[in-house]
Amino acid sequence: MDVTLHLAQQPEADELLGRSPLAALVGMLLDQQIPMEWAFAGPHTIAQRMGADDLDAHEIAAQDPEAFAALLSAKPAVHRYPGSMAKRIQQLCQYLVEHYDGEASAVWEGVDSGRELLGRLNDLPGFGKQKSQIFLALLGKQLGVRPEGWREAAGPYGEAGSHRSVADITGPDSLAKVRAHKQEMKAAAKAAKAAK
């Protein structure tokens with residue numbers, strides 16, 4: 001895995017996401033209730049604060065929970081909810097250590113089908129169906145991980161030419177299109193709620 005992603009919109013943070021499977025997974029985990037760029041810059045911030053150039057699942061899993069929460073809480077905080085996210089990141093890393101010897105890429109290496117990969121992603125702590133489908137679409141569209149049936153398993157996020165999620169962001173233009181799509185979805189949901 002060594003590609004250029006444009007999710008954090010910061011060169012160093014995006015470079016880490018493109019070469020580090022664990023950083024990409026942690027960025028996806030952080031991508032909720034905060035702007036996408038903030039979420040995907042998080043892995044770079046965590047690595048810097050740990051004095052490393054990459055994230056290590058074994059090291060994060062073994063961290064003292066209070067110390068790791070403090071690391072995420074330092075200004076500027078890695079997330080709006082740094083304490084709960086620190087716990088989730090540690091749970092993810094502990095799961096990776098227990099099931100994949102700490103290698104995030106082992107989650108998708110050697111899978112036979114998109115359905116199998118979606119199942120593996122769904123099993124990760126903090127990954128529900130939607131987050132798993134978006135990450136599967138990111139793997140397929142930008143990281144070259146394309147087991148048979150990956151688009152179908154990713155649901156609407158796997159559609160070619162769509163602008164629904166982080167899986168579709170390759171630069172400022174596509175970022176604007178994804179933002180516009182999300183605003184349309186929110187407006188439609190609000191209108192549907194008001195109509196009830």
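**View 1. The largest nonpolar core, with Leu96 picked out.** In this predicted model, the largest nonpolar core takes in 65 residues. Leu25, Ile46, Ile89, Leu96 and Phe135 are the ones with the most contacts inside that core. Zoom in on Leu96 and you'll find Leu22, Leu25 and Ala57 among the residues it touches, leaving aside residues up to four places away in sequence. The list for Leu96 also has Asp101, Gly102, Glu103 and Ala104, and it is rounded off by Val107 and Leu124.

**View 2. Aromatic rings, pair by pair.** A pair of aromatic rings is described by how far apart the centres are and by the angle of the planes. Searching the whole structure turns up 3 aromatic pairs. One of them is Tyr95 with Tyr100, a tilted pair with 6.5 Å from centre to centre and 55° between the planes. Both of these tyrosines, Tyr95 and Tyr100, are buried. Phe127 and Phe135 are set up as an edge-to-face pair, because their planes sit at 85°, with the ring centres 6.3 Å apart. Phe127 counts as buried because its relative accessibility is 4%, and Phe135 is buried with a relative accessible area of 0%. Add Trp108 to Phe127 and Phe135 and you have one aromatic cluster. Phe135 is also a residue to look for back in the core, as one of those with the most contacts there.

**View 3. Helix H1 and what covers it.** Helix H1 runs over residues 11–19. Which residues of H1 are buried? They are Ala13, Asp14, Leu16, Leu17 and Gly18. The cover over these buried residues includes helix H2 (21–30) and helix H3 (36–49).

**View 4. Val178 and His181 on helix H10.** Val178 is found in helix H10, which spans residues 172–195, and His181 has its place in H10 too. Val178 counts as buried because its relative accessibility is 3%. His181 is buried as well, with a relative accessible area of 17%, and the cut-off for that label is under 20%. Not counting residues up to four places away in sequence, Val178 touches His163, Arg164, Ser165, Asp168 and Ile169. With those sequence neighbours left out again, His181 touches His163 and Arg164. Val178 and Ser165 are 13 residues apart in sequence, yet their C-alpha atoms are 6.0 Å apart in space.

**View 5. The largest pocket.** Rolling a probe the size of a water molecule over the atoms shows where empty space is left. The volume of the largest pocket comes to about 630 Å³. Its lining is made up of 24 residues, and Asp31, Arg164, Val178, Lys182 and Lys186 lie nearest the centre. Which helix gives the most to this lining? That's H10, with 8 residues. Helix H8 (129–142) and H10 each supply at least two lining residues. Sorted by class, the lining has 12 nonpolar, 6 polar and 6 charged residues. Val178 ties this view to the previous one, being a buried residue that is among those nearest the pocket's centre.

**View 6. The second largest pocket.** This pocket has a volume of about 170 Å³. Ser20, Pro21 and Leu22 are among its lining residues, as are Asp54, Leu55, Asp56, Ala57 and His58. Gly102, Glu103, Ala104 and Ser105 line it too. H2 and helix H4 (57–62) each supply at least two residues of the lining. By class, this lining divides into 5 nonpolar, 4 polar and 3 charged residues. Leu22 and Ala57 line this pocket, and both are touched by Leu96.

Methods
Residues are numbered from 1 along each chain as its sequence is written. This is a predicted model: local features need pLDDT of at least 70, side-chain atom pairs count only at pLDDT 80 or more; totals for chains, interfaces and linings use all residues. Side-chain values use heavy atoms; hydrogens and water are left out. Helices (H or I, at least four residues) and strands (E, at least two) are DSSP runs, numbered from the N terminus. Buried means under 20% relative accessible area, exposed over 50%, partly exposed in between (1.4 Å probe, protein chains only). Contact means heavy atoms within 4.5 Å. A nonpolar core is a set of buried Ala, Val, Leu, Ile, Met, Phe, Trp, Tyr and Cys residues joined through side-chain atoms within 4.5 Å. On a 1 Å grid over the protein atoms alone, a cavity is a set of points where a 1.4 Å probe fits but cannot get out, and a pocket is an open set with protein on both sides within 12 Å along at least five of seven lines; lining residues have an atom within 4 Å of a point. Grid points are joined across faces, edges and corners, and a volume is the space filled by probe spheres set on the points. Ala, Val, Leu, Ile, Met, Phe, Trp, Tyr, Cys and Pro count as nonpolar, Asp, Glu, Lys and Arg as charged, and the others, Gly among them, as polar. Rings of Phe, Tyr and Trp (its six-membered ring) pair if their centres lie within 6.5 Å; planes under 30 degrees apart count as stacked, over 60 as edge-to-face and the rest as tilted.
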